[in-house]
Amino acid sequence: MELKKVIGNRRSTRFLRPYKPVERTKIQKMLEAARLASFWGNVQALKAVVIERATAPAEVIAALPVGTAIGGFQFRSAPVVIVWCLDWQAIAVQGDRLHELVEAGALGVDKAQSHAYLDSTLIPFFQSAGERIKTTGFTELDCGQGIAQATLVAFDEGLGTCLLGAMNDRKLRKALKLPDSYKVLVLQTVGYPAEDPGAGGQRPREPFAKRFFLNRYGDSFPADPAVVEELKAAGMLQEPAPVPGRREELDWLGKVFGLSNVFGDEVPAIVKDLTDAAAEDASRNK
Ligand SMILES: Cc1cc2nc3c(=O)[nH]c(=O)nc-3n(C[C@H](O)[C@H](O)[C@H](O)COP(=O)(O)O)c2cc1C
């Protein structure tokens, strides 16, 4: 599929067919897309554990979060859940990555001088700035770029996905045996859509003029109507949600998935989870 069309069709898909497995080859393509994404200093801190419902140990499935405030049923029905993580250890070995960039012809002009400059100046600079760099958000942002690329590949492969934040990942970390240097960023459900692939139409977005500026804040970046038409024709800009039939589709999906009429009824279970975790921390710190 053409990239613009993939971007237009990429939509959080909450309803996946639980009975239809996802080919590992498709997951592999998603992971490759994440692997190739840009990263500051070529740090590559984005890591992932793929949970495949059909083959995962029972204790891993049982450790999936009860919910995210609104999407608990998604963890219970998705054939695959990718646990995207940020590995802080990757920053500690960033110097090696910079030397690799010099070797690859991506950093510096003269190879020998560039290696020497890395050792004498740049790597010590990055090491001394390490804690500050961690607070800038660059690393999380780059992980997001990788996840975004994987998401676009998933849609190109006919899959649906939804990113879900997990407020309490304690049980999951333990079940997956994650190293301490791993921070769980987000969980991504993956499967074949049980809802229309359009998922009800393009989700509401603030107007272009309100979000993007030229030369100074407040002066909207001028949008050329011809470009808007071009992007509509390419399938990137689509009909805003809800398209006709969406309400009926939601009613049907709600029955099929056994959902109540509102999202978020797992909130009390999440609160209990968080309270239990806090109590555990408090008794450990006594
Ligand atoms: C980083 C990220 C985290 C998200 N976390 C949650 C979540 O915890 N629970 C949830 O129900 N939806 C979550 N979502 C889905 C968004 O709410 C969804 O993207 C939004 O409704 C817009 O839909 P769209 O992705 O189709 O544009 C998350 C999305 C992103 C990008």
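The following exercises, with worked solutions, concern a predicted model of a protein.

**Exercise 1. Overall composition**

Task: State how many helices and strands the protein has, and what share of its residues counts as buried.

Solution.
- Step 1. The protein contains 14 helices and four strands.
- Step 2. It has 286 residues, of which 26% count as buried.
- Step 3. Along the principal axes, the C-alpha atoms fill a box of roughly 65 × 65 × 40 Å.
- Step 4. Consider contacts between residues at least 6 apart in sequence: 84% of them join residues at least 24 apart.

**Exercise 2. The order of the sheet**

Task: Determine the order of the four strands in the open sheet and explain why β1 and β3 each have one side without a neighbour in the sheet.

Solution.
- Step 1. The order is β1-β2-β4-β3, and the pairing is antiparallel.
- Step 2. β1 (46-52) and β3 (160-164) stand at the edges with a single partner strand each, so one side of each lacks a neighbour in the sheet.
- Step 3. From one strand to the next, the twist averages 25 degrees.
- Step 4. As a general point, strands of a sheet pair through backbone hydrogen bonds, in either a parallel or an antiparallel manner.

**Exercise 3. Bridges between the strands**

Task: For each pair of strands, give the number of bridges and name residues that stand opposite one another.

Solution.
- Step 1. β1 pairs with β2 (residues 80-87) over seven bridges, in the antiparallel sense. K47 has C85 of β2 as its bridge partner, and I51 stands opposite V81 in β2.
- Step 2. β2 and β4 run antiparallel and are joined by eight bridges. Here C85 stands opposite V184 in β4, while V80 stands opposite V190 in β4.
- Step 3. β3 and β4, also antiparallel, are joined by five bridges. In this pair, G160 stands opposite G191 in β4.
- Step 4. C85 therefore appears in two of these pairings, with K47 and with V184.**Exercise 4. The cover of the central strands**

Task: Decide whether β2 and β4 are largely enclosed or largely open, using the number of buried residues in each.

Solution.
- Step 1. In β2, seven of the eight residues are buried, so this strand is largely enclosed by the rest of the structure.
- Step 2. In β4, eight of the 10 residues are buried, and the strand is mostly covered.
- Step 3. Helix α2 (residues 24-36) lies across β1, β2 and β4 (182-191). The helix runs at about 170 degrees to β1.

**Exercise 5. Two helices in contact**

Task: Describe how α2 and α9 pack, and name the residues that meet.

Solution.
- Step 1. α2 and α9 (residues 138-156) pack at an angle of about 145 degrees, and their axes are 7 Å apart.
- Step 2. Their crossing is right-handed.
- Step 3. From α2, the residues K29, M30, L31, A33 and A34 take part. They meet G146, I147, Q149, A150, V153 and A154 in α9.
- Step 4. Sorted by class, this contact has eight nonpolar, two polar and one charged residues.

**Exercise 6. The nonpolar core**

Task: Identify which residues have the most contacts inside the largest nonpolar core, and which strand gives the most to this core.

Solution.
- Step 1. The largest nonpolar core has 42 residues. Those with the most contacts inside it are V80, V81, V83, W84, C85 and V190.
- Step 2. At least two residues of this core come from each of α2, β1, β2, α5 (89-92), α9, β3 and β4.
- Step 3. β2 gives the most, with seven residues.
- Step 4. Take V83 as an example: not counting residues up to four places away in sequence, V83 touches A48, V49, I51, L172, L176, V184 and L187.
- Step 5. In general, nonpolar side chains of soluble globular proteins tend to be buried together.

**Exercise 7. Backbone features in loops**

Task: Locate P242, Q44 and N215, and state whether Q44 and N215 are buried or exposed.

Solution.
- Step 1. P242 lies in the loop between α12 (225-233) and α13 (246-256). The peptide bond leading from A241 to P242 is cis, with omega near 0 degrees.
- Step 2. Q44 is found in the loop between α2 and β1. Its phi is near 60 degrees, a positive value in a residue other than glycine.
- Step 3. Q44 counts as buried because it has 20 C-beta neighbours inside 10 Å; the cut-off for a buried residue is 20 or more.
- Step 4. N215 lies in the loop between α11 (208-211) and α12. N215 also has a positive phi, of about 70 degrees, although it is not a glycine.
- Step 5. N215 is exposed, since 7 other C-beta atoms lie within 10 Å, and the cut-off for an exposed residue is 12 or fewer.

Conventions
Residues are numbered from 1 along each chain as its sequence is written. This is a predicted model: local features need pLDDT of at least 70, side-chain atom pairs count only at pLDDT 80 or more; totals for chains, interfaces and linings use all residues. Two strands pair if DSSP finds at least two bridges between them. Axes are lines fitted to C-alpha atoms, for helices over the stretch in contact, and angles run from 0 to 180 degrees between N-to-C directions. Two residues are in contact if their C-beta atoms, placed from the backbone, lie within 7 Å. A crossing is left-handed if the near helix is turned anticlockwise from the far one by less than a right angle, and right-handed if clockwise. Ala, Val, Leu, Ile, Met, Phe, Trp, Tyr, Cys and Pro count as nonpolar, Asp, Glu, Lys and Arg as charged, and the others, Gly among them, as polar. A nonpolar core is a set of buried Ala, Val, Leu, Ile, Met, Phe, Trp, Tyr and Cys residues joined through C-beta atoms within 7 Å.
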